[in-house]
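Visitor: I'm new to this one. Can you walk me through it?
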Amino acid sequence: MKLNCYFKVTNACNMHCLHCYNYQAFKLTGNVKIKRSFIVKFLELLRPFLEEDNNTALIVFHGGEPLFYGYEFIKELCNVIREHLDLLNEKVELHIQSNLTINVNYGLVEVIKKYFDGMIGTSYD
């Protein structure tokens with residue numbers, strides 16, 4: 001069985017599109033950023049599921065704009081996942097969704113290649 005998990009990394013976004021549900025949430029709550037402790041707790045709950053045969057997980061970094069805080073923040077979150085799942089990492093696939101308006105630099109490219117198989121999901125609204 002495959003479990004699809006969406007991490008709302010932040011509700012911050014550089015676009016603030018009027019049609020976006022996230023823009024409305026941002027206006028109500030202000031800037032919210034995912035905490036390392038939340039990810040660790042989630043991984044503790046995910047571990048028994050992954051330890052069963054044939055179970056896998058897809059974790060999608062979503063937002064707001066997940067790259068709003070820069071690639072270093074995403075790299076840190078990916079490292080938390082890798083550290084806590086150690087031998088189960090081959091059963092977890094990481095994806096990231098972005099509006100692609102954040103400045104692309106060498107560091108970001110390396111993070112995308114290393115943790116997300118060189119792919120970024122996007123949409124054109």
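Guide: First, a term for later: Lys and Arg count as positive, Asp and Glu as negative, while His and the chain ends are not counted. Also, this is a predicted model.

Visitor: OK, use it. How many positive and negative side chains does the protein chain have?
Guide: There are 13 positive and 14 negative side chains in the protein chain. The centres of the two sets lie 6 Å apart.

Visitor: Now the fold. What pattern does the protein chain follow along the sequence?
Guide: Along the sequence the pattern is β-α-α-β-α-β-α. That comes to four helices and three strands.

Visitor: Is the chain as compact as a globular protein of that length, or not, and why?
Guide: The chain is as compact as a globular protein of that length, because its radius of gyration is 15 Å, close to the 14 Å that the globule rule gives for 125 residues. The C-alpha trace spans about 45 × 35 × 25 Å along its principal axes.

Visitor: What share of the residues is buried?
Guide: Buried residues make up 38% of the 125.

Visitor: And the largest nonpolar core: which residues have the most contacts inside it?
Guide: They are I59, F61, I74, I81, L94 and F116, in a core of 30 residues.

Visitor: Which element gives the most to this core?
Guide: That is α3, with seven residues.

Visitor: Back to I59. What is I59 in contact with, leaving aside its neighbours within four places in sequence?
Guide: I59 is in contact with C5, F7, L46, I81, V92, E93, L94 and H95.

How values were computed: Residues are numbered from 1 along each chain as its sequence is written. This is a predicted model: local features need pLDDT of at least 70, side-chain atom pairs count only at pLDDT 80 or more; totals for chains, interfaces and linings use all residues. Side-chain values use heavy atoms; hydrogens and water are left out. Helices (H or I, at least four residues) and strands (E, at least two) are DSSP runs, numbered from the N terminus. The radius of gyration is taken over C-alpha atoms; the globule rule is 2.2 Å times the number of residues to the power 0.38. Buried means under 20% relative accessible area, exposed over 50%, partly exposed in between (1.4 Å probe, protein chains only). The place of a charge is taken as NZ of Lys, CZ of Arg, CG of Asp or CD of Glu. A nonpolar core is a set of buried Ala, Val, Leu, Ile, Met, Phe, Trp, Tyr and Cys residues joined through side-chain atoms within 4.5 Å. Contact means heavy atoms within 4.5 Å.
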